Amino acid sequence: MTLIFRVLCFPVYLIQKLLATIFYIILGVEKSVGWHRSSIERVCDNLNIDISKHVVDTADGHTLTLHRLRFKNHDGIKTYTSSKGKSVLLQHGLLESSIVWVAYGKVSLAFMLLEQGFDVWLGNNRGNAYSSGSWGLWGNNASNWDFQHIAKEDFTSNVKYILKSTNSDKILYIGQSQGAAQAVVGINHLPEMSERLSALVLLSPALFLKKPDNAVVQFLMENVPGLGYRIIFPLIALAQCLTPNFILLPFSHWAMGAMGWYRSPIGWDASKILFKGTPSSGTSAANMMHWVNLSNNEGDIEFDARKVKCPTYCYVGSHDDVIDAKKTANSISKLPNLKYFHCEPGYGHVDFVWSNKSTGVLYRQISNQLGEIVAS
């Protein structure tokens, strides 16, 4: 009976999948449609992880999506394994989404933290496929904000929501690239937020940018405005959805490597998730131009290091073609509560999240550092 039911329902599922694909290609919005689950939900299903969606409203009228993870027991009952004070928020970088934190499955950072009893939350900044509103790239809120809004509104709204939901005084925070920079700048906007973080982990923080070495990247940054990206995104999404993996993945590997965004190998299975889901919809023209101008002018984000008083751990790559590792090290050293700074030899900008080399010693080190903070 079950088999007959599945056969009869299969055409309905295909229609639902088609609708979800159309939503993503045209609007940049990824959502579940009927039985067709979103990408991150399907990944978590394969890991026996329940993923719940939490809607966060910012003070300036944007709607964000937080994903909370928990293991299922053998009976399928969903129970949190963490205790109070062990909530951790992982925040992605520019044009990414929460899916980057689970792309490596059982050796991903999110999964490791779950195994160690942490209450894991995955953030999604405004503009990406999970936090882009009903009309996505073409909605009323698609372009009326910039990086400062992400830092002041998204960062603080997500942290406050988790604190309230878990009845906690503090949470742990891990940010990559833009996700790291928005925490530092967010604390500068509201210094009291530093008291709400029991630890801040910065992975390749985009605080001091440099001009890319790759001539093609330089040309694109100097000549393609934010609006241009919004126009070409449907073509990118079309390629993500329809191009076979044996064509898409080798090309994506080559393109990202040629642009200098990664230096260490990316696992093949993880590539299927990362390259199918990145870029994740878009960002505002103002935010895109913020990063383009910083890169073209080798600029930096202004912040007062004295305000970042929470225990801080920072990781950068020696071969990062996006940020200036030396300037970052000099600035981070001025943080009043810097616990650890590490420059990983041979690493590029996204390697701390995208490379399969990070899934071993580095992730264990980060999770152990967080464990020590919670235990102290």
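This passage walks through the overall make-up of the chain, its nonpolar cores, two helix pairs and some of its salt bridges.

The model is a predicted one, in which local features need pLDDT of at least 70 and side-chain atom pairs count only at pLDDT 80 or more, while totals for chains, interfaces and linings use all residues. Residues are numbered from 1 along each chain as its sequence is written, and side-chain values use heavy atoms, with hydrogens and water left out.

To start with the broad picture, the protein chain has 13 helices and 8 strands; helices (H or I, at least four residues) and strands (E, at least two) are DSSP runs, numbered from the N terminus. Of its 376 residues, 56% are buried. Here buried stands for under 20% relative accessible area, exposed for over 50%, and partly exposed for anything in between (1.4 Å probe, protein chains only). Contacts (heavy atoms within 4.5 Å) often bridge long stretches of sequence: among those in the protein chain with a separation of 6 or more, 78% join residues 24 or more positions apart.

Next come the nonpolar cores. A nonpolar core is a set of buried Ala, Val, Leu, Ile, Met, Phe, Trp, Tyr and Cys residues joined through side-chain atoms within 4.5 Å. The largest one has 51 residues, and the members that touch the most others are Leu69, Leu90, Trp101, Val120 and Ile174. Helix α3 (residues 109-115) is the top contributor to this core, giving 6 residues. Leucine 90 shows what such a spot looks like: neighbours within four places in sequence aside, leucine 90 is in contact with Trp101, Leu109, Ala110, Leu113, Val120, Trp121, Leu122, Gly123 and Ile174. Another core, of 41 residues, lies apart from the largest one, and its members include Val56, Phe147, Val159 and Ile187.

Now for the helix pairs. Two packed helices are described by the angle between their axes and the distance between the axes. Axes are lines fitted to C-alpha atoms, for helices over the stretch in contact, and angles run from 0 to 180 degrees between N-to-C directions. Helix α4 (residues 147-166) and helix α5 (residues 178-189) have axes that come within 8 Å and cross at roughly 75°. The two are therefore roughly perpendicular, on a scale where angles under 35 degrees count as roughly parallel, over 145 as roughly antiparallel, 65 to 115 as roughly perpendicular and the rest as oblique. On the α4 side, the contact is made by Phe147, Gln148, Ile150, Ala151, Lys152, Asp154 and Phe155, and α5 supplies Gln178, Ala181, Gln182, Ala183, Val185, Gly186, Ile187 and His189. Sorted by class, that is 8 nonpolar, 5 polar and 2 charged residues, where Ala, Val, Leu, Ile, Met, Phe, Trp, Tyr, Cys and Pro count as nonpolar, Asp, Glu, Lys and Arg as charged, and the others, Gly among them, as polar.

The axes of α8 and α9 come within 10 Å and cross at roughly 80°, which makes this pair roughly perpendicular too. From α8 the contact takes in Asn245, Leu248, Leu249, Pro250, Ser252, His253 and Met256, and from α9 Trp268, Ser271, Lys272, Phe275 and Lys276. These divide into 6 nonpolar, 4 polar and 2 charged residues. Proline 250 sits in helix α8 (residues 245-258) and is partly exposed, at 40% relative accessible area. Apart from residues up to four places away, proline 250 touches Asn245 and Trp268; tryptophan 268 is 18 residues further along in sequence and 9.6 Å away, C-alpha to C-alpha.

Finally, the structure holds 8 salt bridges, each a side-chain nitrogen of Lys or Arg within 4 Å of a carboxyl oxygen of Asp or Glu. One of them pairs aspartate 50 with arginine 70 (2.9 Å, N to O), linking strand β1 (residues 49-57) to strand β2 (residues 63-71) across 20 residues. Aspartate 50 is buried at 10%, and so is arginine 70 at 18%. Aspartate 154 meets arginine 126 in another (2.7 Å, N to O); aspartate 154 lies in helix α4 and arginine 126 in the loop between β4 (119-122) and α4, so the pair ties together parts 28 residues apart in sequence. Relative accessible area is 0% for the buried aspartate 154 and 2% for arginine 126, also buried. By contrast, aspartate 269, which bridges to lysine 272 at 3.5 Å, is exposed at 55%, and lysine 272 is partly exposed at 33%.
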